[in-house]
Amino acid sequence: MVTLSLVTAGESHGPALVGIVTGLPAGLRLDRDAIDSDLRRRQQGYGRSPRQKLESDEVEVLSGLRHGVTLGTPLTLVVRNRDHRNWLWGMSPWPPEGEPTGKGTKPVTLPRPGHADLAGVLKYGHDDVRNALERASARHTAVHVAAGAVAKALLAELGVEVVGRPVEIGGEATDEGMRTATDAARAHRDTLGGIVEVVATGVPPGLGSYAEKADRLDARLAFALMGIQAVKGVELGDGFDLARRRGSEAHDEIDPGLSRRSNRAGGIEAGISNGEPIVVRAAMKPLPTLMKPLDSVDLATGEPAQALVERSDVQAVEAFAVVAEAAVAWELARAAREKLGGDAIVDVIAAHRHYLGRISDRWQPRG
Ligand code: EPS
């Protein structure tokens, strides 16, 4: 079966983040500005850390693209970490030469509750918490956003659009409330989480399947979103609230023309897209690096201590909305690839047109 796959690599303060995308059709035109614009969107947001003043993310491509058009071969995406210049000794891939200089020269032994620090050193047998936190860092999401931008280019050929936005930050749902909550958390040297919503329009009925658990589109979207750093909850459509309603108030009745009166299911029934907009929400916990640190234990001595204090975001919910958008786009593009097949983008477009033609006596594209 034709499918898309993504393998990523890279540490937060190492030389670069890398993503290798396989399964793209040949002939898909990519726009460098569109990818870089998503990378910039991910860096913005009211609660972001000073780290973002050091980074100006842009994509480099090492393979799979010629003159802006995919070759149908593995596409290698690279996002450099500009901050690496401050960590040349500390994050040197090879044994560093010369006297220790810059950042990352001393082992970190103060695990932060809520970060990868403690579980990571126990699992992998590290003495320096840095060896765990570097890969676990949400810096890694940059290359996922680059891959998501590629997925969006593919989906655009099929008339599918995916948009993510924050809907709550620190429990506040208005722009002003979100800013005030962020200011207050910053003043208290604390952090916040929030909720984002991603909506995909133009998705035809029939992506995903009930045949196997792993084929279900809702399960795949939940996996894609839960795999993002700091996510603790995912819901589709009316999600958890559906559990509190009667059946008569929980489903989407069908009118002639097969339109729906509501979209409580969030565009997915039995693991298959039903032609309505796909609506998914994800909840991010407050960031675990606090300027007013939580209680912890020094791993070097076993004595009570305060967790590591580093520069950090107060909240990164706006960035998370861009990352969630990329994750949903990636998963929808993968499902579309599986449904439509094709080695060249013209084959994909023709298969899509043929499929919409086959169901056209019953279902018409919305809007
Ligand atoms: C992160 C910690 C901070 C964030 C980082 C995610 O990095 P640093 O330790 O370098 O200040 O800034 O996010 C990014 C760098 C980014 O580009 O999103 C963490 O521990 O997850």
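Me: Which element gives the largest share of the lining of the largest cavity?
Reply: In this predicted model, three residues of that lining come from one element, and this is the largest share. Two elements, one of them α10, each supply at least two lining residues. The element with the largest share is α9.

Me: What is the volume of the largest cavity?
Reply: A search of the whole structure finds one cavity of 30 Å³ or more. Among the residues that line the largest cavity are Leu158, Pro204, Lys339 and Tyr355. Its volume is about 40 Å³.

Me: How many residues in the lining of the largest cavity are nonpolar?
Reply: The lining includes Val160, Leu207, Ala336, Leu340 and His352. By class, one lining residue is polar and one is charged. The number of nonpolar residues is seven.

Me: Which elements give two or more residues to the lining of the largest pocket?
Reply: The largest pocket holds about 860 Å³ of space. It is lined by 40 residues, and the closest to its centre are His115, Ser137, Ala138, Arg139 and Asp313. The elements that give two or more residues to this lining are α2 (51-54), α4 (130-136), β9 (231-236) and α9.

Me: How many charged residues are in the lining of the largest pocket?
Reply: The classes in this lining include 16 nonpolar residues and twelve polar ones. The charged residues number twelve.

Me: Which element supplies the largest share of the lining of the second largest pocket?
Reply: This pocket has a volume of about 490 Å³. Of its 21 lining residues, Leu6, His144, Phe223, Ala224 and Gly227 are the closest to the centre. Elements that each supply at least two lining residues include β1 (5-9), α5 (141-156) and α7 (217-226). The largest share, six residues, comes from α9.

Me: Is leucine 122 buried or exposed?
Reply: Leucine 122 lies in helix α3, which spans residues 117-124. Together with Leu118 and Leu299, Leu122 makes a nonpolar surface patch of about 290 Å². Because its relative accessibility is 65% and the cut-off is over 50%, leucine 122 counts as exposed.

Me: Why does valine 346 count as exposed?
Reply: Valine 346 is placed in helix α10, residues 345-358. A residue is exposed when its relative accessible area is over 50%. Valine 346 therefore counts as exposed, since its relative accessible area is 57%.

Me: What separates the C-alpha atoms of valine 346 and glutamate 60?
Reply: Along the chain, these two residues are 286 residues apart. In space, their C-alpha atoms are separated by 26 Å.

Methods: Residues are numbered from 1 along each chain as its sequence is written. This is a predicted model: local features need pLDDT of at least 70, side-chain atom pairs count only at pLDDT 80 or more; totals for chains, interfaces and linings use all residues. Side-chain values use heavy atoms; hydrogens and water are left out. Patches are made of residues with over 30% relative accessible area and no salt bridge: like charges are joined within 9 Å, nonpolar side chains (Val, Leu, Ile, Met, Phe, Trp, Tyr) within 5 Å. Accessible areas come from the Shrake-Rupley method with a 1.4 Å probe; for residues, only the protein chains shown count as cover. A salt bridge is a side-chain nitrogen of Lys or Arg within 4 Å of a carboxyl oxygen of Asp or Glu. Helices (H or I, at least four residues) and strands (E, at least two) are DSSP runs, numbered from the N terminus. Buried means under 20% relative accessible area, exposed over 50%, partly exposed in between (1.4 Å probe, protein chains only). On a 1 Å grid over the protein atoms alone, a cavity is a set of points where a 1.4 Å probe fits but cannot get out, and a pocket is an open set with protein on both sides within 12 Å along at least five of seven lines; lining residues have an atom within 4 Å of a point. Grid points are joined across faces, edges and corners, and a volume is the space filled by probe spheres set on the points. Ala, Val, Leu, Ile, Met, Phe, Trp, Tyr, Cys and Pro count as nonpolar, Asp, Glu, Lys and Arg as charged, and the others, Gly among them, as polar.
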